[in-house]
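Here is a quick tour for anyone meeting this structure for the first time. Have a look at the model below, then read on.

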Amino acid sequence: MRRRVYLLRHAEAAYFSRASAPVDPAQVALAEVGLEQARAAGRALRDVRFDRVLTSGLPRTVRTAELVVEQLAQPPADSVFHCDPDLRELRPGDLDAVRDEDLETSFLAVWRGSPPPDAAFLGGETVGSLVDRVGRAMARLYADQGWDTLLLVAHGGTNRAILSAALAGPGAFFGHLEQSPGCINILDAGADFVVRAVNLTPYDPVQEGPRTTTLERMLEQFRAFRRGGWSEPR
């Protein structure tokens, strides 16, 4: 008997501002446009009866989960939002230490193809480290028999690790599995895995938006921030 995971990426977040430094990744909040993205995901999931809600515990995942749950016809059976820090995003290094000429490689290398385990995001955490800790979190989750249908709100890198493991087994990481803000993935877990949907965006059902990736847009936002021309997405 397979159990179902509705795996969401948090909605659009405001990583940069007119302040003197980027926002602390642990404190990033949703941007204005992200609020409606999360509500749109909730409306798409309106009739799903969730047993439990799980997030990474970071504000952008918790707020996304709150907005989704507000749209549901029935509240989750367990009203407590659970969190697992092992589901947090791939941790970046020091942005200020990255030279302009190295920005593209530092931002995007781990999100292209199947990067090696020692590939690091902006000189920070490696893909291998992310895959290991997310794998531990999901092993704990799958071992817990207290749920049948789960809402899990996490991050682009985290979701890639979960989906890659379901598709190709432990240790796999496909950086080119795009995860748009507020997207929905559907995964059935049991003795084997069935990936039923990837990167559904209820606010843009046929992906008419830009053909750049989330990380490519974030790179452009950071470049604008360095030039002093950044403004929050709306």
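Two strands count as paired when DSSP finds at least two bridges between them. With that in hand, strand β2 (residues 52-55) pairs with β4: four bridges join the two, and they run parallel. Keep in mind that this is a predicted model.

**Strand β4 and its neighbours**

Let's stay with β4 for a while. On the β2 side, Val-53 has Leu-151 of β4 as its bridge partner. Strand β1 (residues 3-9) also pairs with β4, again in the parallel sense, over six bridges. There, Arg-4 stands opposite Thr-149 in β4.

How many of the six residues of β4 are buried? Six of the six, across residues 149-154, so the strand is largely enclosed by the rest of the structure. Buried here means under 20% relative accessible area. In a regular strand, side chains alternate between the two faces of the sheet. In β4, both faces are covered: Thr-149, Leu-151 and Val-153 are buried on one side, and Leu-150, Leu-152 and Ala-154 are buried on the other.

**The aromatic rings**

Now for the rings. Searching the whole structure turns up seven aromatic pairs. Two of them share Phe-121, and here they are side by side:

| Pair | Distance between ring centres | Angle between planes |
|---|---|---|
| Phe-107 and Phe-121 | 6.2 Å | 80° |
| Trp-111 and Phe-121 | 5.6 Å | 75° |

Planes over 60 degrees apart count as edge-to-face. At 80°, the Phe-107 and Phe-121 pair is therefore edge-to-face, and at 75° the Trp-111 and Phe-121 pair is edge-to-face as well.

Where do these residues sit along the chain? Phe-107 belongs to helix α3 (residues 103-108), while Phe-121 is in the loop between α3 and α4 (127-143), so their pair ties together parts that are 14 residues apart in sequence. Trp-111 lies in the loop between α3 and α4, as does Phe-121, so this pair links parts ten residues apart in sequence.

Are these rings buried or exposed? Phe-107 and Phe-121 are both buried. For Phe-121 the relative accessibility is 7%, and Trp-111, with a relative accessible area of 9%, is buried too.

The group doesn't stop at three residues: Phe-107, Trp-111, Phe-121, Phe-173, Phe-222 and Phe-225 form one aromatic cluster.

**A charge over a ring**

One last contact to look for involves Arg-3 and Trp-147: Arg-3 lies over the face of the Trp-147 ring, 4.1 Å from the ring centre.

Conventions. Residues are numbered from 1 along each chain as its sequence is written. This is a predicted model: local features need pLDDT of at least 70, side-chain atom pairs count only at pLDDT 80 or more; totals for chains, interfaces and linings use all residues. Side-chain values use heavy atoms; hydrogens and water are left out. Buried means under 20% relative accessible area, exposed over 50%, partly exposed in between (1.4 Å probe, protein chains only). Rings of Phe, Tyr and Trp (its six-membered ring) pair if their centres lie within 6.5 Å; planes under 30 degrees apart count as stacked, over 60 as edge-to-face and the rest as tilted. A charge sits over a ring if NZ of Lys or CZ of Arg is within 6 Å of the ring centre and within 35 degrees of the ring normal.
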